Structures are given as C-alpha cells and as structure tokens.
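This report concerns the internal spaces, the nonpolar core and selected helices of one protein chain. The sequence and the structure are shown first, and the description follows.

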Amino acid sequence: MDNINLLLFVAIILASTKILALFMKRLHLPQVIGALIAGVLLGPAAFNLITPNEVISSIAGFGVILLLFTAGMETDFKQLRDSVKSSFFVSLSGVALSLGGGFAVAFLFGNPSFESFFIGVVIASMSTSITVEVLQEMGKLKTKTGTTLLGASLFDDVFVIVILAVLMGMGGEAFSVPSLLLILLKIAAFFAFAILTGFLINKLFNYMHNRFGQRRRLIIFALAYCFLMSYLAEWFGLADITGAYIAGIALCSTRCVESLETKAHELSYMFFTPIFLANIGIHTSFAGMTSGLLVFTAVLVVAAIASKFIGCGLGARLCGFTRRESVQIGAGMIARGEVSFIVAAKGIAVGYIGLQLFPSVIVVVLVTVLVAPLLLKAAFARDA
C-alpha cells in the first residue's frame, strides 16, 4: 500500500467511525457499535472501499494495546486483588461451557471429534478490548463487575493458550508432558517478572513525579514500559494485550496516574481505537459461505453467545454475585476477538480445521462484538 492511499484510508476511517458513533449515541446505543458498522460498510462485506491490509491491522494492534493499558491504569488495585478468586471461576466456567458448546455444534454437523474440539477452543476466548471500550463509555470500568471482567479476561488468555498448546502438539511428535510443563513455567515466569518489575516501576514513577512533577516525559516513559511489557508477554507465550493491561495495573496506584491515564486515553481515543474497531469490520467477509455453512455458522453464533453468557454468569453467581451482577458479567464476556482469529489461523495452518470454516469464525466474532455492547448496556441500565 502506498502512503497516499494510507492517508486517504485513515481519513475515511476516522470520519466514518465518528459519524456513525454519534448516530448510535443519538439512538441511545453504545458508540462502539457505530465504529464496528463503519468498518463493515467500508470493507469487502459491503462497499469494499478498504480491503484488509497489514498497515491498518498494525495500527489497530497499537489501538488494542493502548486500550488495555488505559484500562489497567483505571483499575482499582484493591478490588482487583479481592476479585482474583471470582475472576478465576468466572473464566473457567465460561471457557468450559464455550468449549463444550463449540464442540457439540461442530460434531453434530458432521465434523470429526478432534476438529470439533478445536472449533470449541476457537470460540472459548473473549475479546477484552470491546468490553473495556463499552465499560469506559458507560463509566463502569472501576466497578466490582468491571474489575472481575478484566481479571477473568486474563485467565481466559491463560486457559486458551494452554489448551491450544496441548492441541497443537497432539497431532505431532512435539507434544510431551515436559513441553506442557515448559509452557506453564513460562507463563508463571512472566507473571512473577511482571509482579517484581511492576513494584519497582510503581516506586520509580512516584519518585519521578515527586522530583519532576507532571512532566510530559512521564507519559513517554509509561508508553515505553507498556510496549515493552506487551513484547515480553508475547515472548513468554501470552497475548500482547495481557502485558499492556499488567503495565497499566503497575501504574494504577501511582501519584501521577490521573495525568498518565488522561494523556494515554486521548492518544487512544483520537486515533488508534477508531482504527482498531473499524478494522474488525473491514476484515468481515462472507465469501465462500454456502447454505450449509450458513446454517452451521448461525448455530455456532447462538452457541458462542449462550455458552459465555450462561457459563460466566453461573460462575459469578456461585462466587456470591447478585443476579443482576451475574447477568452483567455474563454479558461482558460474550464478545470474541483477535484470540479467536489466532487460534483459527493456527488450526488452519497445520490442517486441524478446514479453511472453509474461517468465514464462520469471522461471523462469530462480528456478531458477538455487536451483541455484547447491547447486552452490556441493557444489563447496566437499571444501575444507571
């Protein structure tokens, strides 16, 4: 892609996402839906003005990282610490039911058991970024429910990565118990490293704040730390957004957090987040969808929504949340995203699932990211 086209595409994306977001606001709907619809209209699924490309996707990747970084800084650390147990069980119940639901649907449509299980893994993860964007828009990110949702999303990443590692090895000679233990050891090592360095970073930023005040250099150092942790998370085998969120948590109790959060949020809101949201829609394509595959996709979408909503809501209820809070948590865990694409792409690359199923995954992601904001807004309506 040449620079002239890139500039034009960015201009179109920024203008269209904002116009449709404002239109959604007038309809009393989450603005994130407008940005997603803008992407669908611009992409191959509608007018085909912008085709999926690596440059836009790379910019979108920065948008996800910044979104989770600001979410981490907005987190109530004490509340997050108190919700670790509930986050674990919410995630576990949601992953288990989603994996089982995906397997059942795929198996009933005649797919082999191993392929069906892999499809279950594809829809087992959730998209933290969509939920974060909606919670920020509603001002509910720092609530008990919001903190539990963010904690559960971290556990979701760990569960799905471990299951994926096992499945990727089962079809070849590389899998062994030592290799699985190595994966778990790397994950544990990352979190140990993150806790240690997070404590030191917290002290360092407090010192710099006392020494220099609210200087712009602080946000530059904070962003450098965010991207470094994102890189290290991927290096240790986790998602980059996990590192970004943990970097935000390390700074959430510093004296300069309000200034850092404001600057990072402005950077994300003005440029990177609209492109990230539109990019989901731009990647939507219905090419190659046969009638049989359409039916399968529709049933898989229902299973994906119901399994997370029921599984995570039930997990929250068992952990002592009220019925209303459990519904909010269930709705917040519905959206799927980049992890589903990654799992599907890896499965297709090694021949564990067929390439013809990738459009189904795209539709599942698109429908869930459109449905989740609506359900979240409805679930929090009574609180408002």
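The lining of the second largest pocket in this predicted model comprises 14 nonpolar, five polar and two charged residues. The pocket itself holds about 630 Å³ of space. Its lining is made up of 21 residues, of which Phe-77, Leu-80, Ile-195, Ile-246 and Ile-249 are the closest to the centre. Five helices each give two or more residues to this lining, namely α4 (77-82), α5 (84-108), α8 (144-170), α9 (177-212) and α11 (240-251). Among the contributing elements, α9 gives the most, with seven residues.

Enclosed spaces are also present. Two cavities of 30 Å³ or more are found when the whole structure is searched. Their volumes and linings are set out below.

| Space | Volume | Nonpolar lining residues | Polar lining residues | Charged lining residues |
|---|---|---|---|---|
| Largest cavity | about 50 Å³ | five | three | one |
| Second largest cavity | about 40 Å³ | seven | one | none |

The largest cavity is lined by Leu-68, Thr-128, Leu-150, Ser-153, Leu-154, Asp-157, Ile-241, Thr-242 and Tyr-245. Two elements, α8 and α11, give two or more residues to this lining. The largest share comes from α8, which supplies four residues. Both α8 and α11 are also among the elements that give two or more residues to the lining of the second largest pocket.

Around the second largest cavity lie Ile-119, Val-122, Phe-296, Leu-300, Ile-353, Leu-357, Ser-360 and Val-361. At least two of these lining residues are supplied by each of α6 (113-122), α13 (291-318) and α16 (358-380).

Several of the helices can be described individually. Helix α5, one of the contributors to the pocket lining, has 25 residues and spans 36 Å from its first C-alpha to its last, close to the 36 Å expected at 1.5 Å a residue. Its buried residues are Ser-86, Ser-87, Val-90, Ser-91, Gly-94, Val-95, Ser-98, Leu-99, Gly-101, Gly-102, Val-105 and Ala-106. After α5 comes Gly-110, with a positive phi near 90°.

Helix α13, which contributes to the lining of the second largest cavity, has 28 residues. From first C-alpha to last, α13 reaches 40 Å, close to the 40 Å expected at 1.5 Å a residue. Just after this helix, Gly-320 adopts a positive phi of about 100°.

Helix α7 (residues 128-138) is mostly covered, with nine of its eleven residues buried. These are Thr-128, Ser-129, Ile-130, Thr-131, Val-132, Glu-133, Val-134, Leu-135 and Gln-136. Of these buried residues, Thr-128 also belongs to the lining of the largest cavity. Just after α7, Gly-139 has a positive phi of about 70°.

The largest nonpolar core contains 118 residues, and within it Phe-69, Phe-205 and Leu-260 touch the most other members. Helix α3 (residues 54-73) gives the most to this core, with eleven residues. When residues up to four places away in sequence are not counted, Phe-205 touches Leu-218, Phe-221, Ala-222, Leu-251, Thr-254, Cys-256 and Leu-260.

Two further residues serve as local examples. Phe-271 is located in helix α12 (residues 257-282). Is Phe-271 buried or partly exposed? Its relative accessibility is 29%, so Phe-271 counts as partly exposed, given that buried means under 20% relative accessible area. Leaving aside neighbours within four places in sequence, Phe-271 is in contact with Val-10, Leu-14 and Ile-59. One of these partners, Leu-14, is 257 residues away from Phe-271 along the chain, while 7.3 Å separates the two C-alpha atoms.

Ser-326 lies in helix α14 (residues 323-332). Ser-326 is classed as buried because its relative accessible area is 5%. Apart from residues up to four places away in sequence, Ser-326 touches Gly-313, Ala-316, Arg-317 and Phe-321.

Methods:
Residues are numbered from 1 along each chain as its sequence is written. This is a predicted model: local features need pLDDT of at least 70, side-chain atom pairs count only at pLDDT 80 or more; totals for chains, interfaces and linings use all residues. Side-chain values use heavy atoms; hydrogens and water are left out. On a 1 Å grid over the protein atoms alone, a cavity is a set of points where a 1.4 Å probe fits but cannot get out, and a pocket is an open set with protein on both sides within 12 Å along at least five of seven lines; lining residues have an atom within 4 Å of a point. Grid points are joined across faces, edges and corners, and a volume is the space filled by probe spheres set on the points. Ala, Val, Leu, Ile, Met, Phe, Trp, Tyr, Cys and Pro count as nonpolar, Asp, Glu, Lys and Arg as charged, and the others, Gly among them, as polar. The expected span of a helix is 1.5 Å times one less than its number of residues. Buried means under 20% relative accessible area, exposed over 50%, partly exposed in between (1.4 Å probe, protein chains only). Contact means heavy atoms within 4.5 Å. A nonpolar core is a set of buried Ala, Val, Leu, Ile, Met, Phe, Trp, Tyr and Cys residues joined through side-chain atoms within 4.5 Å.
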